[in-house]
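Biologist: I'd like to get to know this structure one question at a time. Shall we start with the ligand?

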Amino acid sequence: MRGGPRAGDAFGEMLLAELEIMQAGGGRSVTEIVERDDGFIRAASAARYFARPAEWAPFERRALDLAAGRVIDVGCGAGRFALALQERGIAVTALDISPGAVEVSRRRGVRDVVRASAQEGAVGGEATAWFPYLLCSPSELAGLVAGTEWELTDVEHVDQVNYLAVLTRGP
Ligand SMILES: C[S@@+](CC[C@H](N)C(=O)[O-])C[C@H]1O[C@@H](n2cnc3c(N)ncnc32)[C@H](O)[C@@H]1O
C-alpha cells in the first residue's frame with residue numbers, strides 16, 4: 001500500500017490495492033473481512049467488486065435490466081454497475097463518499113463520477129435523498145413508503161441476505 005492507508009478510506013484503499021493487483025496480471029486477491037455489530041462476519045475476495053454482470057447474483061442482473069432513463073449509482077464502489085450501465089447506453093452518474101472508490105471508478109472508465117455522500121446528495125443540480133442500503137425487512141420497507149408518492153411494487157429474493165425491492169413513483 002503506497003504510504004499506508006488514509007484515515008477513513010479503508011474501503012477505497014482496498015479497491016485501489018485490488019485494481020493494482022489486477023492490472024499487474026492478477027494471480028492473488030485482497031480479502032475483505034466484514035464484521036457487523038449484529039454478529040455477521042464474512043471474509044471474501046475484493047475481486048467481486050470488479051465482477052462482470054455474468055458473475056453477479058441474479059437479483060443484481062435483474063436490477064441492471066430494470067434500469068432506464070438517467071441513473072444515479074449511489075455508493076458505486078469500483079464502478080461495476082456504472083460500467084455495465086454505460087455499456088448499455090444508459091446515462092449514469094456514479095457517486096461515492098470514498099476518494100479511493102472514485103479514483104478506481106475513474107481509472108476503470110466510468111465517465112461521470114462524483115465524490116459526495118448520499119446525504120449531501122447534490123448531483124447535477126438535482127436534490128437526491130438516496131441511500132446505498134436500507135437495512136430493513138420488506139414489510140418495514142412497505143411501512144416506510146406508505147403515505148409517500150412511492151409504491152413498493154415488487155420484491156425478489158426476500159429469503160437472501162440482500163433482496164431487490166422495486167419502488168415506483170405513483171401518479
Ligand atoms: C459494499 S460497497 C458496494 C459498491 C458497489 N455498489 C457494488 O455493488 O459493487 C458500498 C459503497 O458505498 C459507499 N458508501 C457508503 N456510505 C456512503 C454514503 N453515505 N454516501 C455515498 N457512498 C457511500 C462506500 O464507499 C462503498 O463504495
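Biologist: Which residues are closest to the ligand?

Modeller: Heads up, this is a predicted model: local features need pLDDT (the predictor's confidence in each residue, from 0 to 100) of at least 70, side-chain atom pairs count only at pLDDT 80 or more, and totals for chains, interfaces and linings use all residues. Residues are numbered from 1 along each chain as its sequence is written. A residue is near the ligand if its C-beta atom, placed from the backbone, lies within 6 Å of it. The ligand is surrounded by 17 residues, and the closest are G75, G77, I97, S98 and A118.

Biologist: How many residues of that shell are nonpolar?

Modeller: Ala, Val, Leu, Ile, Met, Phe, Trp, Tyr, Cys and Pro count as nonpolar, Asp, Glu, Lys and Arg as charged, and the others, Gly among them, as polar. The shell around the ligand has two charged residues and five polar ones, and its nonpolar residues come to 10.

Biologist: Which elements each supply at least two residues of the shell?

Modeller: Elements are DSSP runs, numbered from the N terminus: helices (H or I) have at least four residues and strands (E) at least two. The chain has five helices and nine strands. Those that each give at least two residues to the ligand's shell are α3 (80–87) and β4 (91–96).

Biologist: Which element gives the most to the largest nonpolar core?

Modeller: A nonpolar core is a set of buried Ala, Val, Leu, Ile, Met, Phe, Trp, Tyr and Cys residues joined through C-beta atoms within 7 Å. The largest one has 24 residues, and L15, C76, A82 and A94 touch the most other members. Two or more residues each come from α1 (10–23), β3 (70–74), α3, β4 and α4 (99–107). The top giver, with five residues, is α3.

Biologist: Why does this core lie between two domains?

Modeller: Domain bounds come from an automatic or database domain assignment. The core lies between the two because both of them give residues to it: domain 1 (10–49) and domain 2 (52–169).

Biologist: Which elements do the buried residues of α4 pack against?

Modeller: A residue is buried if 20 or more other C-beta atoms lie within 10 Å of its own, exposed if 12 or fewer, and partly exposed in between, with C-beta atoms placed from the backbone. In α4 the buried ones are G100, A101, V102, V104 and S105. They pack against α1, α3, β4 and β5 (113–115).

Biologist: Is D154 buried or exposed?

Modeller: D154 sits in strand β8 (residues 150–156). Because just 11 other C-beta atoms lie within 10 Å, D154 is exposed.

Biologist: What is H157 in contact with, leaving aside its neighbours within four places in sequence?

Modeller: H157 lies in the loop between β8 and β9 (164–169). With F59 it is 98 residues apart in sequence and 7.2 Å apart in space, C-alpha to C-alpha. Two residues are in contact if their C-beta atoms, placed from the backbone, lie within 7 Å. Leaving those neighbours aside, H157 is in contact with F59, Y163 and L164.

Biologist: Which element has the highest mean pLDDT?

Modeller: The chain averages a pLDDT of 85, and 87% of the residues score at least 70. Strand β7 (residues 126–127) has the lowest mean among the elements, 50, while the highest, 97, belongs to α4.
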